[in-house]
Amino acid sequence: MIKRLFRRLAEPLDPWLFLFVGLLISVSLITIYSASNGSVDKVTNKMVSVSVALLAMWLVANLKPAQLMWLAPPLYLLGVVLLVAVELFGITVNGATRWLNIGIGRIQPSELLKLAVPMMVAWYFQRHESWLQPRHYAVAAAIIGVPVLLVLKQPDLGTSLLISAAGFYALFLAGLSWRVILPLVAMFLATIWFVGDFNRCASVFHDYQCHRVQVQLDPMADPLGKGYHIIQGTIAIGSGGITGKGWMNGTQTRLDFIPERTTDFIFAVYSEEFGLIGCALLLALYLCVIVRGLMIANSASSLFGRLLAGALTLSFFTYAFVNIGMVAGLLPVVGVPLPLVSYGGTAMLSILIGFGMLMSIQRDRKLIKR
């Protein structure tokens, strides 16, 4: 009976994806314990949030892709309505209005859009699969643009970039022409040139966003202010050397030089203690997750499944790339956590629900093959 129960529980899970996720969560628990100076409470809280997120992943993995399709429009509309509610009744913390008080606690509706946007775009293209026209791509771009503009207004540049990326990946996988992509790349490069000058940048964006870009170009211009995070992150990564200083032995961590060391800058803690070899292993784990996700996307039995699985997988790659890039001083600091490793329950929940969708798509393909 126990064997049958175990088989029932494991049946919707993709074993390879589950293995890689489990290893990354193990890395997370070890690193958070060190980064928090041995705080058992931090690790316990992380384990509770992991347990809830894993349960959510299992429940989603039990759904059929057709049910995910059915959920896409209401989830998207709910997310947009909640973003409007944030604009009207949101809670402001440190100058940003991103949260809603629902009585039992705060929620950040923008997290829902990280999943709802690629679901909605995939749903839309599935409905027009047999006769895709340029206007369909324009409508899909509007589906992405509405929540992105609302999140930018909060302001939350990091989350708006991640939502944009998730939607763009679905557009790209649906066959968006390079004649459209190349001008977008040119616009992106022109934007970098534009924000290179503070006055030009401040005429469009918030001052703090312009400061981040300016400091990114020259961290030593404000070493104890805006450039502090970047400088300390790169020092920690470099001081780890080939093999690292050893678990719980990172001097930058112990002496409190690394800011936000359990959340956004946890990669600096890990790099200092486990060195280049440890970083290579961590990157290999991320690569395994991405390759497995793309394999699931490639073998999906419907356009909806292919677009959703591909967009979610490439979004996961973007989360890791942006976080590691900003900690290493290669990208501006935009407040993106290291996926599955950083402390924090909301991001963990949304990522594991996304993996639940991947497992649902993979399970559906297996059932069709039978």
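**Group meeting: a walk from Val 86 outwards**

Okay, let's start with one residue: Val 86, which sits in helix H4. Before I go on, keep in mind that this is a predicted model. So, is Val 86 buried or exposed? Val 86 has a relative accessible area of 1%, and the cut-off for buried is under 20%, so Val 86 counts as buried.

What does Val 86 touch, once we leave out residues up to four places away in sequence? There's a run of Thr 97, Arg 98, Trp 99 and Leu 100, and then Pro 109 and Gln 154 as well. Gln 108 is worth a look too: 22 residues from Val 86 in sequence, with the two C-alpha atoms 8.7 Å apart.

Now zoom out to the helix. H4 runs over residues 65-89, which makes 25 residues. From first C-alpha to last, H4 reaches 35 Å, close to the 36 Å you'd expect at 1.5 Å a residue. That doesn't rule out a bend, though: at Ala 72 there's a kink of about 35 degrees, shortly before the proline Pro 73. Both Ala 72 and Pro 73 are on the list of buried residues in H4. That list also includes Leu 68, Met 69, Tyr 76, Gly 79, Leu 82 and Leu 83, along with our friend Val 86.

On to the surface. Here we have a nonpolar patch made of Phe 172, Leu 173, Trp 178 and Leu 182, and together they come to about 420 Å² of accessible area. Which helices supply it? Helix H7, residues 157-173, and helix H8, residues 178-195, each give at least two residues to the patch. Take Trp 178, which is in H8. Its relative accessible area is 55%, and exposed means over 50%, so Trp 178 counts as exposed.

Next, salt bridges. As a reminder, side chains of opposite charge can pair when their charged atoms come close. The count here is five, and I'll show you three, starting with Arg 292 and Asp 14, whose closest N and O atoms are 2.7 Å apart. This pair links distant parts of the chain: Arg 292 is in helix H13, residues 266-298, while Asp 14 is in the loop between H1 and H2, 278 residues away. Arg 292 and Asp 14 are both buried.

Another one joins Lys 245 and Glu 272, at 2.9 Å from N to O. Lys 245 is in the loop between H11 and H12 and Glu 272 is in H13, so this pair ties together parts that are 27 residues apart in sequence. The two partners sit in contrasting settings: Lys 245 is partly exposed at 30% relative accessible area, whereas Glu 272 is buried at 0%.

And then Asp 256 with Arg 261, again 2.9 Å from N to O. Asp 256 is partly exposed, at 47%. How does Arg 261 count, buried or exposed? Arg 261 comes in at 17%, and buried means under 20%, so Arg 261 counts as buried.

Last, the whole chain. We're looking at 15 helices and three strands. The chain has 370 residues, and 47% of them count as buried. Of the contacts between residues at least 6 apart in sequence, 69% join residues at least 24 apart. The accessible surface is about 18,000 Å², with 69% of that belonging to carbon and sulfur atoms. That's my tour, thanks.

Notes:
Residues are numbered from 1 along each chain as its sequence is written. This is a predicted model: local features need pLDDT of at least 70, side-chain atom pairs count only at pLDDT 80 or more; totals for chains, interfaces and linings use all residues. Side-chain values use heavy atoms; hydrogens and water are left out. Helices (H or I, at least four residues) and strands (E, at least two) are DSSP runs, numbered from the N terminus. The expected span of a helix is 1.5 Å times one less than its number of residues. The bend at a residue is the angle between axes fitted to the seven residues ending there and the seven starting there. Buried means under 20% relative accessible area, exposed over 50%, partly exposed in between (1.4 Å probe, protein chains only). Patches are made of residues with over 30% relative accessible area and no salt bridge: like charges are joined within 9 Å, nonpolar side chains (Val, Leu, Ile, Met, Phe, Trp, Tyr) within 5 Å. Accessible areas come from the Shrake-Rupley method with a 1.4 Å probe; for residues, only the protein chains shown count as cover. A salt bridge is a side-chain nitrogen of Lys or Arg within 4 Å of a carboxyl oxygen of Asp or Glu. Contact means heavy atoms within 4.5 Å.
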